[in-house]
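Visitor: I'm new to this one. Can you walk me through it?
Guide: Gladly; here it is.
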Amino acid sequence: MRFDAGTLLDHESFYSVCPEVLEKHIADRCRFPNGVTVDPFCGTGGNINQLAKTCRKVLAMDIDGTKLELARHIVGVYGCAKNIEFRKNDFFGGPSGQRANIVVTSPPWGGLEYLRQDSYSPLVLGEAYGGGEAIARIARSMAPKLTLHLPRTVDKSEYDDLCTYLYSVRSDRQEAMFYSVEI
Ligand SMILES: C[S@@+](CC[C@H](N)C(=O)[O-])C[C@H]1O[C@@H](n2cnc3c(N)ncnc32)[C@H](O)[C@@H]1O
């Protein structure tokens, strides 16, 4: 984040914003120069400012209006506002009807609790709303591909189960296009 250039974050975003090196890695792996990418949990815009460089159009959504305002400001700082459309949306309210090439997201991990756990279950990701399966199911209704940014402590067998449930393939198969990015 370019703090010297005027980037602003709210309290939560200081720990939840995606580090820039990962933003770049994810955007590079999710390159759709002629396609549409949706980030349904865009927060203050960590991922979208890099996705805007590798995709034709980015639809950035979040439930929190303040974060959306900060994200609008940040993409201006990064000079990539042109191909980003913002929308306030509750992802768990159901399918948005939006179709895209890929859903790229760092969903809420449940605060900082994951740092104290030896193993993180993707099935409890967004637990209050139906877990990782709900996130993946709704994302699947929007796009054939999904990238989930998960903690490095993610339980690999549960992660495999999630991929198998959704795509009938193991997570090491390219078709699933699931990446677990280590930080
Ligand atoms: C890990 S943060 C995303 C960080 C973002 N990738 C970034 O780099 O700034 C998760 C985001 O999910 C949002 N969120 C939580 N519940 C949501 C919901 N039901 N629908 C949409 N967004 C939600 C939070 O407001 C928060 O901004």
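Guide: What follows is a short tour of the fold, the core, one helix and the ligand. This is a predicted model, where local features need pLDDT of at least 70, side-chain atom pairs count only at pLDDT 80 or more, and totals for chains, interfaces and linings use all residues. Residues are numbered from 1 along each chain as its sequence is written.

Visitor: How many helices and strands are in the chain?
Guide: Six helices and five strands. These are DSSP runs numbered from the N terminus: helices are H or I, at least four residues, and strands are E, at least two. Along the sequence the pattern is α-α-β-α-β-α-β-β-α-β-α.

Visitor: Which residues touch the most other members of the largest nonpolar core?
Guide: Ile 48 and Val 103, out of 41 residues. Such a core is a set of buried Ala, Val, Leu, Ile, Met, Phe, Trp, Tyr and Cys residues joined through C-beta atoms within 7 Å. Buried means 20 or more other C-beta atoms within 10 Å of a residue's own, with C-beta atoms placed from the backbone.

Visitor: Switching to α5, which residues are buried there?
Guide: Gly 132, Ile 135, Ala 136, Ile 138, Ala 139 and Met 142. They lie on the same side of α5, because they cover an arc of only 165° around the axis. That arc is of the directions from the helix axis to the C-beta atoms.

Visitor: And the ligand: which residues come nearest?
Guide: Cys 18, Phe 41, Gly 43, Gly 46 and Phe 91, of the 21 around the ligand. A residue counts as near if its C-beta atom, placed from the backbone, lies within 6 Å.

How values were computed: A residue is buried if 20 or more other C-beta atoms lie within 10 Å of its own, exposed if 12 or fewer, and partly exposed in between; C-beta atoms are placed from the backbone.
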